[in-house]
Amino acid sequence: MTIRKSTKFKIAIIALSLLLVASAVLSVFLLRRMKIQENNIAILHEKVSQGEVWSSELDDQFFENYSLHDQVSRQNEEKESYDKRISEEESSFAEEISSLKGRVDLLNGMLKANGIELPDNHQTVYLTFDDGPSVNTPKILDILDSYNVKATFFVINGSKNGYMKDIVNRGHTIALHSYTHNYSKVYKSDEAYFDDLNKIHDVVYEQTGVDARIIRFPGGASNTVSKNYSKGIMTRLTSEVEKRGFVYFDWNVTNGDATGEKSTVEKQLNYVSQYPKKSKTIVVLMHDTAAKNVTVEALPQIIEYYQSQGMNFGVITQNTPAIHQNVNN
């Protein structure tokens, strides 16, 4: 009887111990579960807090974009207003210009009716010198430099070929005239002319490195002396040179230094004043040889005369409007 009671007591102790252990384990589990819940709640709070920040940033960005949009709209309105004002001013200016042009035309008409004709300020004068280089070339170049005027030199082969480089280096156009300038040789045949032209082309290239394509026929395209050597040669040559890539220039005014009469400064000024008043392009024929000292002397006054007429000075290029005389052979 006593043994049974003892056994029951032990069993009760064991059961109680197990219950306590189970209770402890359950408590630990519940504590860990509560910790996890607390962590989840903290994370949730953090996300909510972040969501509030993000929401605030989005709101700020929205208001910033709205402000920028409003500024762009105002700028567009200002631009439209400015464009409209500019358009109105341009229209007003156009009307004023038209009115002024009408007054100028009326004034010119009145002046012409009374025998007064104003110079055409849109005319360009091209000073050209044939038959150089010569001992006078440096003097001509110095005068041109002193007036800041450029010219065109149609050169031949001679003893002063070294000046060809000076012509180019000082900003002038070097062009081809003739190798021999001997009419009987140059105009003997088409082949003879191009042989002469190619020789002077090569001399210029050797002296300056310029592939010169601008030419002037000896005596000009209108010369009749060529009839003595080959009938119709000028008609053929004026067409053929252009096919071969050259551009030829005659002249429409001269200084008269090759007319055969004794030249003076006064006579040269009288000649150059007889330029075609309605032509936009004035090409003046002069000569650069050792015998043309009067041309050197007259050159400053010739330049000043054309300046007084309101003209511009130019150098001949392949794009310059060509001056051609009537072909007579």
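**Exercise 1. Locate Asn-148 and describe its backbone and its exposure.**

Solution. The place of Asn-148 is in the loop between helix 2 and strand 2 (152-156). The model examined here is predicted. The backbone comes next: Asn-148 has a positive phi of about 55°, although it is not a glycine. For the exposure, the cut-off is a relative accessible area over 50%. Asn-148 counts as exposed because its relative accessibility is 65%.

**Exercise 2. Carry out the analysis of Exercise 1 for His-181.**

Solution. First, His-181 is found in the loop between strand 3 (173-178) and helix 4 (183-186). Second, the phi of His-181 is near 55°, a positive value in a residue other than glycine. Third, the relative accessible area of His-181 is 24%, so this residue is partly exposed.

**Exercise 3. Determine which residues of helix 6 are buried, where they lie around the axis, and what they pack against.**

Solution. Helix 6 comprises residues 233-243, and its buried residues are Ile-233, Met-234, Leu-237, Thr-238 and Val-241. They cover an arc of only 130° around the axis, and therefore lie on the same side of helix 6. The partners of these buried residues are helix 5 (190-208), strand 4 (214-215) and strand 5 (247-248). Just after helix 6, Gly-245 takes a positive phi of about 90°.

**Exercise 4. Identify the residues that touch the most other members of the largest nonpolar core, and examine Phe-217.**

Solution. The largest nonpolar core has 47 residues, of which Leu-127, Leu-144, Tyr-193 and Phe-217 touch the most other members. Leaving aside residues up to four places away in sequence, Phe-217 touches residues including Met-234, Leu-237, Thr-238 and Val-241. Another core, of 11 residues, lies apart from the largest one; among its members are Tyr-126 and Ile-214.

**Exercise 5. Analyse two of the salt bridges: Asp-130 with Arg-216, and Lys-199 with Asp-195.**

Solution. The structure holds seven salt bridges. In one of them, the side chains of Asp-130 and Arg-216 meet at 2.8 Å, N to O. Asp-130 lies in strand 1 and Arg-216 in the loop between strand 4 and helix 6, so the pair ties together parts that are 86 residues apart in sequence. Both Asp-130 and Arg-216 are buried.

In the salt bridge of Lys-199 with Asp-195, the closest N and O atoms are 3.6 Å apart. Lys-199 and Asp-195 are separated by about one helical turn, because they are four residues apart in helix 5. Lys-199 is partly exposed at a relative accessible area of 39%, and Asp-195 is partly exposed at 41% relative accessibility.

Key
Residues numbered from 1 in each chain as written. Predicted model: local features only at pLDDT ≥ 70, side-chain atom pairs only at ≥ 80, totals over all residues. Heavy atoms only, no water. Buried < 20%, exposed > 50% of the residue type's maximum accessible area, 1.4 Å probe, protein only. Core = buried A, V, L, I, M, F, W, Y, C linked by side-chain atoms within 4.5 Å. Contact = heavy atoms within 4.5 Å. Arc of directions from axis to C-beta. Salt bridge = Lys/Arg side-chain N within 4 Å of Asp/Glu carboxyl O.
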